[in-house]
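Here's a quick briefing to read alongside the model. Have the sequence and the 3D view open as you go.

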Amino acid sequence: MLLRGQHHNPKETFIGFLASALFGLVLIFGMFSLTNLLLRISWPFGTEAATGINKQINYQGKLTDQSGNALTGTYNMKFVIYDAATAGNCLWTARGSCGTINARGVSVTAGIFNILLGDTGAGDNALTLDFTSDTYYLGVTIETDSEVSPRRRIGAAGYAFNADTLDGLNTSNAGGSGAYVPVTDSSGNFTLTGYIYVGDGATTSTITKNSLKLATDSSN
């Protein structure tokens with residue numbers, strides 16, 4: 001609504017509109033930049049692939065007395081990984097060594113405790129097992145009691161320390177007559193059996209060098 005005696009200059013009106021539009025764009029751009037900056041600061045997860053895995057195993061348990069009452073406090077516990085459900089050999093222990101197994105203090109609240117096996121930051125030994133065996137068992141001893149029976153078998157977890165197969169194929173360092181994934185042996189030798197085909201394999205000739213046979217397409 002115009003007051004009497006006021007007049008609008010069309011040029012001034014256009015300039016005012018353009019200035020308002022530019023100010024709005026600058027404001028929107030500024031808010032977008034600020035939001036993007038805040039997301040970068042507050043969101044700690046990047047998009048790059050991890051260079052390794054966290055070699056620790058999460059273990060949770062419930063501790064009660066003989067009457068089934070949940071306990072609370074700090075208790076000394078020993079954690080050992082064996083290669084058998086009973087007897088067998090000690091392969092790893094959280095503290096000390098297989099010759100002298102030491103306990104670690106574990107905090108228990110309302111009967112529940114949760115630890116990471118191999119947590120070097122908490123004082124554990126590093127978990128260096130290659131997990132190429134499917135017979136690993138965890139033994140737990142609490143205070144001066146005997147080891148809890150039965151031992152808990154270690155199964156697959158979110159992080160796989162070692163993949164057993166690749167697309168369903170096992171590895172071999174000595175070759176084979178079926179399908180396999182070739183790998184080097186402990187001396188670094190790479191053994192292949194059969195032929196390596198290049199091209200469509202319709203017509204081949206054999207080249208032999210250092211006992212490695214290469215079958216190549218005659219058209220190449």
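Let's start with a strand pairing: E1 and E7 run antiparallel and are joined by six bridges (two strands pair if DSSP finds at least two bridges between them). Isoleucine 112 in E7 is the bridge partner of lysine 62. Strands here, at least two residues each, are DSSP runs numbered from the N terminus. Keep in mind that this is a predicted model, in which local features need pLDDT of at least 70 and side-chain atom pairs count only at pLDDT 80 or more, while totals for chains, interfaces and linings use all residues. Residues are numbered from 1 along each chain as its sequence is written, and side-chain values use heavy atoms, with hydrogens and water left out.

**Confidence**

- The protein has a mean pLDDT of 76 (the predictor's confidence in each residue, from 0 to 100), and 60% of its residues reach 70 or more.
- Over residues 1–7, pLDDT stays under 50, and the model has one contact beyond four places in sequence for that stretch (contact means heavy atoms within 4.5 Å).

**The core**

- The largest nonpolar core has 22 residues, and the ones touching the most other members are Tyr59, Met77, Phe79, Ile81, Leu117 and Leu138.
- The elements giving two or more residues to this core are strands E1 (57–62), E2 (73–82), E6 (104–108), E7 (112–117) and E8 (137–142).
- With four residues, E2 gives the most to this core.
- A nonpolar core here is a set of buried Ala, Val, Leu, Ile, Met, Phe, Trp, Tyr and Cys residues joined through side-chain atoms within 4.5 Å.
- Buried means under 20% relative accessible area, exposed over 50%, and partly exposed in between (1.4 Å probe, protein chains only).
- Leaving aside residues up to four places away in sequence, isoleucine 81 touches Asn89, Cys90, Leu91, Trp92, Leu127, Leu129, Tyr136, Tyr137, Leu138 and Ile154.
- E7 is two-faced: Phe113, Ile115 and Leu117 make up its covered face, while Ile112, Asn114 and Leu116 sit on the uncovered one.

**Rings**

- A search of the whole structure turns up two aromatic pairs (rings of Phe, Tyr and Trp, the last by its six-membered ring, pair if their centres lie within 6.5 Å; planes under 30 degrees apart count as stacked, over 60 as edge-to-face and the rest as tilted).
- Tyrosine 59 and phenylalanine 79 pair edge-to-face, at 6.1 Å centre to centre and 70 degrees between the planes.
- Tyrosine 59 is in strand E1 and phenylalanine 79 in strand E2, so this pair ties together parts 20 residues apart in sequence.
- The rings of tyrosine 59 and phenylalanine 113 have centres 6.1 Å apart and planes at 55 degrees, so that pair is tilted.
- Phenylalanine 113 lies in strand E7 and tyrosine 59 in strand E1, so the tilted pair ties together parts 54 residues apart in sequence.
- Ring pairs link Tyr59, Phe79 and Phe113 into a cluster.
- Tyrosine 59 and phenylalanine 79 are buried, and phenylalanine 113 is buried too.
- The charged end of arginine 151 sits over the ring of tyrosine 82, 3.4 Å from its centre (NZ of Lys or CZ of Arg must be within 6 Å of the ring centre and within 35 degrees of the ring normal).

**Backbone oddities in the loops**

- Proline 150, in the loop between E8 and strand E9 (152–153), follows a cis peptide bond from serine 149, with omega near 0 degrees.
- Glutamate 143 is found in the loop between E8 and E9, has a positive phi near 50 degrees, and is partly exposed, at 37% relative accessible area.
- Alanine 87, in the loop between E2 and strand E3 (90–93), has a positive phi near 55 degrees and is exposed, at 58%.
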